[in-house]
Structures are given as structure tokens and as C-alpha cells.
2 protein chains.
Amino acid sequence: MSHDHLPDFDQIRAAAARIAPHAVVTPVLRSDALDTQAGAALHFKCENFQRGGAFKFRGACNAVWSLTDEQARGGVVTHSSGNHGTALALAAATRGIPAHVVVPEGAVQAKLALIERAGAVLHRCAPNQAARETTAAEVQRRTGAQLVHPYADDRVMAGQGTIALELLAQVPALDALITPVGGGGLASGVAIAAHALRPGLTLYGAEPVGADDAARSLAAGERVESVLPDTVCDGLRALVGRANLAALRDHTVEVVTVSDEETIAAMRLLWRELRIVVEVSSATVLAAVLKARDRFAGRQLGLVLTGGNVDLDALPW
Amino acid sequence: MSHDHLPDFDQIRAAAARIAPHAVVTPVLRSDALDTQAGAALHFKCENFQRGGAFKFRGACNAVWSLTDEQARGGVVTHSSGNHGTALALAAATRGIPAHVVVPEGAVQAKLALIERAGAVLHRCAPNQAARETTAAEVQRRTGAQLVHPYADDRVMAGQGTIALELLAQVPALDALITPVGGGGLASGVAIAAHALRPGLTLYGAEPVGADDAARSLAAGERVESVLPDTVCDGLRALVGRANLAALRDHTVEVVTVSDEETIAAMRLLWRELRIVVEVSSATVLAAVLKARDRFAGRQLGLVLTGGNVDLDALPW
């Protein structure tokens, strides 16, 4: 069964109920100083405090608990050397099933250690997309594991969309929302949920200049696949998925692009004013708000901070 | 009018109402991994997300808003090169009155910059207790500012006690609470509030081995003043105040002492499992719980994390 299509709002509501016993209701933090600087009321949704340190747990957990008992028996598999791998391993553990994660040779050792610590079996492959997919397919055949793609999966998108449900319950006054855009699982899930609840809400995405395929694709009216990512935002290097891009277009998500310098400055500012250390990818949202100040002025704006898996001994400044 | 006496519960309730428009309701974070390691349910009260990055804002804010308009006119003064100085400046700003902070020559420049950025006028003095007090008294005489002591002040203790009100509302099931012990303003305020609401609650303090005057004083039955602090926990070097010590004794607060190594390990663990960077002083509470494991096993335990004003470029590991 293919899962490369968009979830509807019912699926997102079902996901919220499904993950509730396992996921953290993450806090919303505020800062007078940042509000003043932005000229807007900023509500930071801290998914860096989610299980596994990133929002990815929501989607992975929903996928794992969407399986029938028979499907679940063989476990789950994905290819990701980042937060989705860790999230899937943690989610599988909540159901007591195996998790297999295909990782490319040369991936950062610290990230692999996180995934292993979360309980996954690692499978190494050559560092290219074809090898990843072949290896994942092989693991599927051999173990009966179900594939859970990091973003091109309706169960994953539905899980990520629960952030919008939760945030709108925490801050009913919101009139705009911004998320980082990588593969687009988060942005599309959030768009579907947010507009189902508040059709008038304005949606924004933040993307690094060096991985601006979503911005270009929306401008061109078709998926631009020629972007070679060049950014410190390792969580945002993926090309936006097909279904995900369709959701961004249908929900008129406006993408603001930011330079790595602006993003790193925003990451420092988040530490200085909110006392949180977030992944550089997460800081794109604040960078976008400070860059395109006029667009956000006077808003009650929700900013999704996606993760906090940072090496404190190797900060990017 | 002297303020070197204990507040009662009514004062703490009044403080909660007084600071509500200005203070942050800080989140409570949890970690399955830490619960497993401790053998207890740990509820971390994150005052590192309080305004100014530390719980001190509560006491300072209550003191500032306890002044009559006539008293407030001359502003406030304190001697502190740490979080209380910043907190008092921020609190004074909420009322639009001046704040004077007496700081010893040789204090850490980064901390002084924080206090100044919060809007205080700095007054330098020689680095000893007598000079601090003389200088503060001089500022009082010259400006009409009201003295707000960092911990030996009933208004300050009442403000710190609001943490217990807030935490018990957030986690009604708590049966034990632990705070770091420095001057004792936090521990005494929390003890008074917690026992007024839950007489059966067990109270603990955490103190560095190298600044264990409260533990020694409680053991000796009298205030031990001979301790020369030797610890990385810069927030816990003060001798416990007289009134504060009386409160610890009356509320049978049990003090657990921890080495700096244990505390630094706990600080790292808080980053690894909760994705928060707290001041080393704050980590004493987790160090104590992991050290005296038997005492806390099976408890629903509240741990007050006092602050997050850390230099990320100079972590203690």
C-alpha cells in the first residue's frame, strides 16, 4: 500500500489520539525582547523538548501505531541518518517491535550513536539515494519490516500535523504559523491541520537560501529538482516531496528564504533570549521573521522549533 | 523596616497574585530515561525559562511591587553580581523605577553585562562583604532606593515560594520536593508554601560538598559560619541566612551534599535527556537524587531547576 499521498484532517485527529500516550505535550515559550525585536507576538512551540529531541517522533509514532498487529510483527525500516531514524527507533520501542535504519557510510558518528541508543539496528549502505532505497527494500524483504519514509508518507505527515492541533489549543489567538521546510512533511501536515481548524490562518515556511527548492518550485509552478543543497541546516537539505509540495501550494504557504548567517544569528538569539539550544535548521523560522519583518508585524505568530539535537561542543559560531 | 524574617503562607499567596502579570509560568519537563535511572517519577520545574533566566525574578518582582508608591519612587538597590542583580533590574523595569546594583571589582564581565542590559545602574566596590554593605547603604542614602537583599528578605522568600504553589498546581500528585540550597531564600520560601498546602510532603535540599554550611548547621543545631566555599556552583556559595536556616529546621528539610564532579555529570545528563542547559548550581538537585537513590525511590518528586544563565562557550566539561 502506497503512503505517498496527503492525509486529511480526520487522519490528523486520529494521529493525535494515537500518539497521546507516548508523545510530549511540548511547552510554548515567549520572550518580550524577541516580541519587541519582531514587532509581533511570537509563540515558540518547543519540539526540541519532544521525545528524541525533535518533532519527528510524532510522525514516526503515528506510523508505528497505525500498523496492524500482523504488519507490526516484522518491525519498521527507514533510511535516515538524522532525527527520523532516532524517532522511528523510539516509536518502535513503545510498541515493542524492531526498528531497522539504513544509514549511509560516512554519516556523523554522534547521530548514529543516538539512533543506536534509541534501539535501532543499523544497516550501512553507500552514500547515495539509490543505495539507500535498495538497502531499505532488501531489509523489508528479509525481515518483513514496513517502510516508514521520513516525509513522503501520509501517516508521518498526519503525525507532524498534530503540532498544529496542539499549538492552536495552547494559543487560541494565533493568526499565523511558520515552520521550516525540508522534505515538507511538517509544513504540509501543519498546513492541513491549521486550515481545517482556522481557514483564515496565514501560513509561512522558512527555507535556507542554499536549499530553496520549495521556494523555487512554488514560484515556478512545478517541482524544481535541480537544487544541490549547500547549507549548514542539515535537517533541511532534502528536496520537498511531491505530495508535500502540492499541500504547500494548495494552502498558499509563503516561503521566506534565509542565509546561513541569518540563521546562525537567530540560533544565538534563541539561546540568549529563551535559554534554549535548538538545531540550526530550527532557527530558520526566527531568521525569516526578523528578515521579512513587515510581513509578520502585529501578528500572533506561532513558530515551530523543530529540534534540539545539537553537539554543544561544536556550536556553529 | 526590617525584612530579615520569614514570610507566612498568606504573603506567598499574595506574592503569586502580585507577580502573575510579570512572571512566566514555567514549564515542567519529564524524561523516561531519567525516571528509570532514578527509580522515581521526576518532575523538573524549569525556572531556567523564567524571566531573566532564573527563579530570582519571582522574589525581586514581589519585592518591587510590595513597595508603596512613595517607597518605589527612589528605586531599589541590592548587592549581587549574579542572577538577583539581573532579576531586580528587570523587576524594577516592570514598575518603571530605577535599580542600583552594587558589584564587586573583579566580578565576571559577562554577568555584569547581563545586569546592565537589564537596565540597572552598576556601582563598583571592593570585593568584600563590608564594602558591599557600605556601598549599598551609601546608594540608599543618596538616592532613597529601597534595599532588596538577595535572600534574607521576607518579600523575596515569599516570591521564591510561589514556585511551590505553581508546581503543585501543575503536578498535584507530588509527594516530595528538592531545591538547591545557597542563601536559602528559595528553600525556605518553598518549604513554607509546600507545607501549607501539603503538610505531608517531604522536603529536600541539595548542597555542594564545598559549600555545605546548611547541612552542617542543621547537624550542629546552630549556624556554622566557618565554611569557606570551594565549589563550581557559584550560585550556592553564600552562607545560609539566619531566618532561612530556621525555616529549613522547622520544616525538617533534609540536605543531601554532592561533589562538583557529580553535579557536572548531572548537568550533562540534563542536556542529554531533557535538552536543557542549566546552571551548574541547578544540577545539584539531580545529582542528589541519583546519589541518594534509595531516599527518592518510588517518589513523585519535584526538582526545581533554578537557572540557565550559562556561557555556552565555557561549559564546565
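In chain B, strand S3 (residues 76–79) and strand S4 (residues 99–104) run parallel to one another, paired over 4 bridges; strands count as paired here if DSSP finds at least two bridges between them, and the elements themselves are DSSP runs numbered from the N terminus, with helices (H or I) of at least four residues and strands (E) of at least two. Within this pair, Thr78(B) sits opposite Val101(B) of S4(B). The model is a predicted one, with local features needing pLDDT of at least 70 and side-chain atom pairs counting only at pLDDT 80 or more, while totals for chains, interfaces and linings use all residues. Residues are numbered from 1 along each chain as its sequence is written, chains are lettered from A and ligands numbered from 1 in the order in which they are written, and side-chain values use heavy atoms, leaving out hydrogens and water.

The S3/S4 pair belongs to an open, parallel sheet of 4 strands in chain B, ordered S5-S4-S3-S6. Strand S5 (121–125) and strand S6 (146–147) of chain B each have a single partner strand, so one side of each goes without a neighbour in the sheet. Lying across S4 and S5 of chain B is H6(B), at about 145° to S5(B); such angles run from 0 to 180 degrees between N-to-C directions, taken from axes fitted to C-alpha atoms, for helices over the stretch in contact.

Chain B also has an open sheet of 6 strands with mixed pairing, in the order S1-S2-S10-S7-S8-S9. Its edges are strand S1 (28–29) and strand S9 (254–258) of chain B, each pairing on one side only. S1(B) meets strand S2 (residues 41–46) of chain B in the antiparallel sense over 2 bridges, and Leu29(B) faces Phe44(B) in S2(B). Helix H8 (residues 154–170) of chain B packs on this sheet, touching S1, S2, strand S7 (176–180) and strand S10 (300–305), and makes about 130° with the direction of S2(B). H12(B) lies across S1, S2, strand S8 (202–208), S9 and S10 of chain B, at about 95° to S9(B).

As for the interface, 24 residues of chain B are in contact with 24 residues of chain A, contact being heavy atoms within 4.5 Å. The two chains bury about 1900 Å² between them, 55% of it on carbon and sulfur atoms; buried area is the accessible area (1.4 Å probe) lost on putting two parts together, summed over both. On the chain B side, Trp271(B), Arg275(B) and Leu312(B) lose the most area to chain A, together 33% of what that side buries.

There are 4 salt bridges between chain B and chain A, a salt bridge being a side-chain nitrogen of Lys or Arg within 4 Å of a carboxyl oxygen of Asp or Glu. One of them joins the side chains of Asp32(B) and Arg51(A) (3.4 Å, N to O).
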